[in-house]
Amino acid sequence: MSEFHSTISRRDFMKALGLTGASIGVASAASPIFHDLDEVSSSASATWKRPWYVKQTDEPTMEVDWDKLERYDVRKSIVIDPLEAQQLQAAQMDRWDQGTLDNKPGYRMRDRSLSQTCWLYQGGSLAYSNWTGPVVNALFYREFESDERWATLPKWEATPEENSKTLRAALKHLGAWQVAFLPLDERTKKLILSYGNMSTPILRSGAREIVFEDVDKGYETTTKIVIPNKCKWAIVYTVAQSNELSRRTTTPLGVAGFARGYSDLIIMEGFTQQFLKGLGYQGLAGNTFNAMVTGFGVVSGLGESSRASFMLSPEYGATVRQSTVVFTDLPLEPTKPIDAGMFKFCQTCKKCAEACPSSSINKDSEPSWDCVTGPWNNPGIKGFKNNYSSCFKYWLQGDTFGCGICQGSCVFTKFDDASVHEIVKATVASTPLFNGFFRHMDDFFGYGMRDDIDSWWDEDRPGNLRRY
């Protein structure tokens, strides 16, 4: 927990912004004093926080006779003959099929596809993922929902609007935080890499050409990765990355934040491919570095670009991770770019550039078409061109593999617990007048990277919010 303390209240803060009025003033007058600016997280001495009515007892409410209790033999759990169970399950699946053919709610192909997808990683069933989708070990996966059975059922058919609604709902259930879609046209195809690979972009090993062909199904060889011309849409999404670990990335503990984000992306990719397969469509990704993901995120409206070139989400700031893009032939309703004032904010802020230990982030006041630092800077973008060579070298030469200090120090790396954060966001989106002031207040409040590394283990955070 931060040792920085302040007695500034929300009302005093908003008065400093000139934002208090009749309605805001009434609300803020009743706001508590910030005796500790990190109290929205928790104190370092906190334990498991439970509702006030939950009390600890010495024994469980269900009585247990520990003298009579024995260790359980799992062989006793076979309560039905295996052959009878197989017959009952076969009849059950016939009822499922009939429900699908009758277009019964809860039994339609999107319903069954989501159900099947959620079992994908159960029991070690997933062997690996490739360009066209997960390769599943049938011994563990739900055999009664096999490809052979699904081939006899109609695929999902709906409008692009309904498809987008369906996909967004499913992917959010499966772990995505934001979901957006782009049509693949002559402009957006330029965001797809000309060569992609199965390894990291640092190593450049195993690069294969990514091409479009007039074929029915996508495929891959040792030299190329093929997207069918009929796959005219791209799916882009984000997963959560821990705010608190992102503020500690100068240590291996902090690296756990974005490492978990990358792992979540692989799981989400398999989920996405499997769900699309269940609907009767293709999902091409295969853990392949295949696109300028920030470009897809910006053009699709997930967020805006930043000085450090990562994407900024208006809802979640810098601590989200983007996936490799999933290409599909499922018709989707496109989403549009956004303006929340964040890229404009980056022009005056420069906090990430000042925090960068390798001086890799551009400190210019204005974005530029030029100012190229190396072949890694792609032409045609008016932005802040950064030195990725020195950045990646620091990844390998620093105390930890990776860095992320730019994300952890970003002004937008915040929780939404305090109402004042929403006021700041709304102000940034409507006018750049206070941008410099907000940057200095961020420093004054003690936000940014944290030195109290071990305190992360003591903080109580919601288990379902990985950003903590």
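This text walks through a buried asparagine, a set of salt bridges and one short helix. The model is a predicted one.

Start with Asn 386. This residue sits in the loop between helix H11 (351–355) and helix H12 (388–397). Despite the loop setting, Asn 386 is buried, with a relative accessible area of 2%. The cut-off for buried is under 20%, so Asn 386 at 2% qualifies. Its side chain has a polar partner: it reaches the backbone nitrogen of Asn 362 at 2.7 Å. Beyond its neighbours within four places in sequence, Asn 386 is in contact with residues from several stretches of the chain. Arg 307, Ala 308 and Ser 309 are among them. So are Ser 360, Ile 361 and Asn 362. Thr 373, Trp 376 and Asn 377 complete the list.

Now turn to the charged pairs. The whole structure holds eleven salt bridges. Two of them involve Glu 244. Glu 244 pairs with Arg 247, with the closest N and O atoms 3.1 Å apart. Glu 244 also pairs with Arg 248, and here the closest N and O atoms are 2.9 Å apart. Burial applies to each pair: Glu 244 and Arg 247 are both buried, and Arg 248 is buried along with Glu 244.

Another salt bridge lies within a helix. Arg 260 and Asp 264 meet through their side chains at 2.8 Å, N to O. Both belong to helix H8 (residues 252–279), where they are four residues apart, about one turn of the helix. An α-helix has 3.6 residues a turn, so residues three or four places apart point the same way. The two partners differ in burial. Arg 260 is partly exposed, because its relative accessible area of 41% falls between the 20% and 50% cut-offs. Asp 264 is buried, with a relative accessible area of 7%. Elsewhere, salt bridges that share partners join Asp 97, Arg 112 and Arg 149 into one network.

Last comes helix H9, residues 293–300. Four of its residues to look at are Gly 295, Phe 296, Gly 297 and Ser 300, which are buried. What do the buried residues of H9 pack against? Their partners are strands. Strand S3 (178–183), strand S4 (192–197) and strand S8 (233–240) are among these. Strand S10 (289–291), strand S11 (320–322) and strand S12 (326–328) also take part. Just after H9 comes Gly 301, with a positive phi of about 95°.

Conventions:
Residues numbered from 1 in each chain as written. Predicted model: local features only at pLDDT ≥ 70, side-chain atom pairs only at ≥ 80, totals over all residues. Heavy atoms only, no water. Helix = DSSP H or I, 4+ residues; strand = E, 2+ residues; numbered from the N terminus. Buried < 20%, exposed > 50% of the residue type's maximum accessible area, 1.4 Å probe, protein only. Polar contact = N/O pair within 3.5 Å; in protein donor to acceptor, adjacent residues only side chain to side chain. Contact = heavy atoms within 4.5 Å. Salt bridge = Lys/Arg side-chain N within 4 Å of Asp/Glu carboxyl O.
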